[in-house]
Amino acid sequence: MRLARRGAQLGLLGQLFEAARRGEGRAALVTGSPGTGKSALLRAFAQEAGRAGALVLNASASPAETDLPSGVVGQLLSGAGPDAERHHRARSPSEGAAPREEAEKDPAVLHEALRELAATAPVVVLVDDVHHVDEASARCLLYLCGRLAAGRILLVLSGRPRSCSGPPPPLPLAELLRHPRCTSVPLTTLDGDGVADFLASPSGGAMDLPTARRLAPDWHRFTGGNPRLLRGLLDDHRDCEPVRPSRPVAGTAFRRAVTGCLRGAGAPAVSAARALAVLADSSTLTLLARLLETPERAVGPCLDELGAIGLLDGGRLRHEGVRAAVLEELSAEESHRLHSAAGRMLYENGAEPATVARHLVAADTAGGRAGPEWAAAVLAEAARHTMSSGGARQAADFLRTAHRTGGHEAAGLLTTLARTEWEADPAAVIRHLPGLERSLGTRSPAAVDTAGAVGLLLWHGRPAGAARALSEPHDPDGAAESAAALAYVYPGAGTGPFPHGAAEAETGREPAGGPAERRDEAAERVLESIVYDHAPPVSVAAVLSALLYTGETGRAARWCALLAAGDRIRATPARRAVAAAAAAVVHGRTGAHDLAAGYAGRALSLLSPGAWGVAIGMPLSAAVLAASRRGAHEEAAALLHVPVPAAMFRTRAGLHYLVARGHYQLAVGRPKAALGDFHACRDLLADWRLEPQGTADWSTPAAVALRALHGEDTVCGDPIAGLTEAERRVAVLAADGCTNRAIAARLYVTTSTVEQHLTRIYRKLCVRSRLDLAGLVAARPRP
């Protein structure tokens with residue numbers, strides 16, 4: 001077995017063996033930090049000694065058997081075979097006594113048995129992890145070590161360095177480890193060239209030498225040259241096949257290797273590693289000592305031991321992979337205790353709120369117990385700071401913990417939490433909607449963010465809850481904005497002008513005191529807040545509705561440029577999705593259907609259908625319309641299979657979804673289905689007492705559907721050309737407002753005949769009322 005950079009140590013052990021074979025017994029102590037390859041060195045030497053004709057006896061000490069008397073000696077004697085057993089029975093004073101029991105009473109038992117065996121062949125005794133040896137076995141090994149000079153015996157022990165942390169070993173073991181006959185064979189971590197040799201060796205990575213040398217610097221930085229860590233990293237590297245990453249990946253095998261190294265370290269070093277993992281970048285010698293509740297002078301040896309293993313770099317854990325492995329081994333109780341202590345300590349030292357908050361969240365997750373009185377305020381402040389830098393998900397973590405520990409501030413924190421979660425994933429807000437409705441319905445001053453709470457209810461299709469809350473508002477200013485948004489997004493749920501004159505655009509009337517351009521400026525201001533700031537859901541839903549509904553605008557180029565800037569700045573997932581949806585709408589309005597399709601696809605990929613709530617009608621309508629215009633009928637059909645909430649059809653987004661679906665039905669030759677969608681738009685507008693405007697104009701495509709439905713007779717452009725002459729006369733008079741009795745008198749027919757004609761007319765023209773009939777008659781070309 002070839003070991004990377006261990007040739008010198010194997011050579012030294014070989015020299016000691018040759019001396020022992022000549023009758024000059026020797027002893028060696030192989031020392032090294034956990035993971036440096038002590039056991040591998042002993043196995044390699046055992047193979048060489050066995051090939052040279054030696055009798056090799058192996059034993060391994062274990063922490064679990066430290067209290068088992070003569071456990072290691074028992075392993076050695078049982079491995080020696082029947083000769084050792086016969087020798088033991090010949091000198092045993094009590095019939096049937098076990099060798100291990102005799103060794104416990106007489107330390108010479110092991111020496112005598114080995115001396116007898118060495119008469120026929122040199123004997124190599126290997127004891128791995130000798131620092132865990134039981135006291136009786138340590139006494140036997142110490143006795144043997146002092147009597148090796150005249151025998152063909154080589155004793156090889158392996159253990160931790162003397163400088164490791166932890167309590168001093170018991171006296172027999174301490175004497176054995178510093179015995180003058182023991183030749184020291186130290187092992188250290190590998191340097192960069194050693195890592196390259198490891199990666200190229202058959203027992204290591206078996207890579208070609210150029211690849212090994214190319215990877216060696218990164219792998220050395222990642223592992224500190226510790227062979228055990230290198231093997232774990234190599235296993236993870238192989239698991240990445242067929243695509244192996246160029247940079248190291250800390251996977252399951254690497255984390256197991258870290259854990260194994262720590263189990264071989266002293267208890268104080270393990271505690272130090274855990275404290276370092278908890279403090280992370282906040283770690284200093286002073287804070288580390290305070291968290292460990294130990295003097296600073298006692299921390300140094302622990303750090304030295306961890307550094308010798310290769311787990312540290314610059315006094316801190318080498319990277320996040322090592323930190324994650326250490327934290328995985330913490331019990332929930334220990335994690336809660338350490339993070340709680342670290343959070344309090346950093347808070348008292350004036351650390352940044354986000355730094356303290358991370359520990360409060362970790363402690364809450366591990367322990368599930370309420371934090372200190374100051375925790376909610378610190379968590380809320382940390383969330384504000386984190387949110388301003390685009391960390392929506394972490395801010396939501398902070399606020400969830402604050403809400404659980406917030407006491408009387410819980411209602412206000414719930415709204416803030418829900419709005420923050422909306423930024424990262426609007427679907428996560430659904431679980432908070434009942435609580436938001438309750439908080440809005442209370443008379444407590446804690447529920448002050450009316451606009452934010454109402455906006456979330458509107459987004460997720462709960463206008464009734466929003467309307468109830470606005471009947472007795474706690475925040476008049478926020479209630480005014482919320483009422484306007486409610487009336488605009490859900491026209492049938494309330495009344496009130498949309499802020500800054502956007503509502504007047506609904507009916508085509510100019511806002512009082514200014515031109516129609518004011519509505520475009522209002523939309524532009526909200527678009528800027530979507531792209532650059534944190535627009536509340538109220539404004540988002542309303543401005544997208546405005547973009548869908550208003551007439552042609554001269555600001556389309558400016559809006560497109562503004563929304564394109566959203567791709568170049570940091571933004572939360574929800575705002576990126578909303579900006580993409582707005583861009584799809586604007587480009588669709590200007591006829592750039594390829595661009596509209598691209599932006600709509602991006603919007604739908606950034607958020608799931610459930611996350612969009614009722615606003616899903618905005619990107620879907622733009623995507624379906626763009627696909628229909630481009631002739632991509634299969635794509636449009638797939639988009640129309642995306643599930644939408646029923647509440648969407650009570651919003652302006654639902655109105656435009658129906659128009660887009662109607663255009664698709666026309667494009668694939670289904671005029672009757674198309675007419676149903678266009679008439680559904682007509683009925684919604686009638687119920688809302690609104691006039692069609694911009695892309696919500698249903699009448700023109702409805703006329704096209706009628707012509708297609710009734711064939712060539714309508715090609716002339718007369719929507720009632722498909723009727724009989726008698727039916728046309730009845731239709732014209734009915735459209736003029738004549739009653740059935742008046743029509744009967746004018747045409748000299750019975751009232752029953754007029755009613756029968758109207759029934760057939762309604763069926764042929766797919767209309768439901770005289771108002772619809774009047775619209776079609778008015779669309780007839782003039783003679």
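Glu293 sits in the loop that joins helix 14 (285–292) to helix 15 (296–309); helices here are DSSP runs of H or I with at least four residues, strands are runs of E with at least two, and both are numbered from the N terminus. Although Glu293 is not a glycine, its phi is positive, at about 55°. With a relative accessibility of 70%, Glu293 counts as exposed, where exposed means over 50% relative accessible area, buried under 20%, and partly exposed in between (1.4 Å probe, protein chains only). All of this comes from a predicted model, in which local features need pLDDT of at least 70 and side-chain atom pairs count only at pLDDT 80 or more, while totals for chains, interfaces and linings use all residues. Residues are numbered from 1 along each chain as its sequence is written, and side-chain values use heavy atoms, leaving out hydrogens and water.

Now turn to Ser70, another residue that is not a glycine yet has a positive phi of about 55°. Ser70 belongs to the loop between strand 2 (55–60) and helix 3. Is Ser70 buried or exposed? Its relative accessibility is 0%, so Ser70 counts as buried.

Helix 3 (residues 71–80) also leads us to some empty space: with three residues, helix 3 gives the most to the lining of the second largest cavity. A cavity is found on a 1 Å grid over the protein atoms alone, as a set of points where a 1.4 Å probe fits but cannot get out, and its lining residues have an atom within 4 Å of a point. Grid points are joined across faces, edges and corners, and the volume is the space filled by probe spheres set on the points. By this rule there are three cavities of 30 Å³ or more. The second largest holds about 40 Å³ of space, and its lining includes Ser60, Gly71, Val72, Gln75 and His132.

Next, follow strand 1 (residues 26–31), where five of the six residues are buried. Strands are taken as paired if DSSP finds at least two bridges between them. Strand 1 runs parallel to strand 4 (residues 153–159), and six bridges join the two; here Thr31 stands opposite Gly159. Strand 1 is also parallel to strand 5, with five bridges between them, and Leu29 stands opposite Ser184 in that pairing. In a regular strand, side chains alternate between the two faces of the sheet.

What about the cysteines? The structure holds zero disulfides, a disulfide being a pair of cysteine sulfur atoms within 2.5 Å. Take Cys182: its closest cysteine sulfur is in Cys145, 3.9 Å away, which is too far for a bond. Cys182 is buried, with a relative accessible area of 13%, and Cys140 is buried too, at 0%.

Charged side chains come next. Side chains of opposite charge can pair when their charged atoms come close. How many salt bridges does the structure hold? There are 29, each with a side-chain nitrogen of Lys or Arg within 4 Å of a carboxyl oxygen of Asp or Glu. One of them joins Asp191 and Arg5, at 3.8 Å from N to O. This pair links distant parts of the chain, 186 residues apart: Asp191 is in the loop between strand 5 (182–186) and helix 9 (192–200), and Arg5 is in the segment before helix 1 (7–21). Asp191 is partly exposed, with a relative accessible area of 40%, and Arg5 is also partly exposed, at 40%. Glu635 and Arg630 form another salt bridge, at 3.1 Å from N to O. Glu635 is partly exposed at 36%, as is Arg630 at 34%.

Arg431 and Glu421 also form a salt bridge, their closest N and O atoms lying 2.8 Å apart. Arg431 is in the loop between helix 21 (410–424) and helix 22 (433–441), while Glu421 is in helix 21, ten residues away. Glu421 counts as buried, because its relative accessibility is 2%. Both residues belong to a network of salt bridges together with Asp397 and Arg400.

Let us finish with helix 20 (residues 392–404). Its 13 residues, at 1.5 Å a residue, should span 18 Å, and the end C-alpha atoms are 18 Å apart, which agrees; the expected span is 1.5 Å times one less than the number of residues. Among the buried residues of helix 20 are Ala392, Phe398, Leu399 and Thr401.

Note on methods. 1 Å grid on protein atoms, 1.4 Å probe; cavity = no way out; pocket = protein on both sides within 12 Å on 5 of 7 lines; lining within 4 Å.
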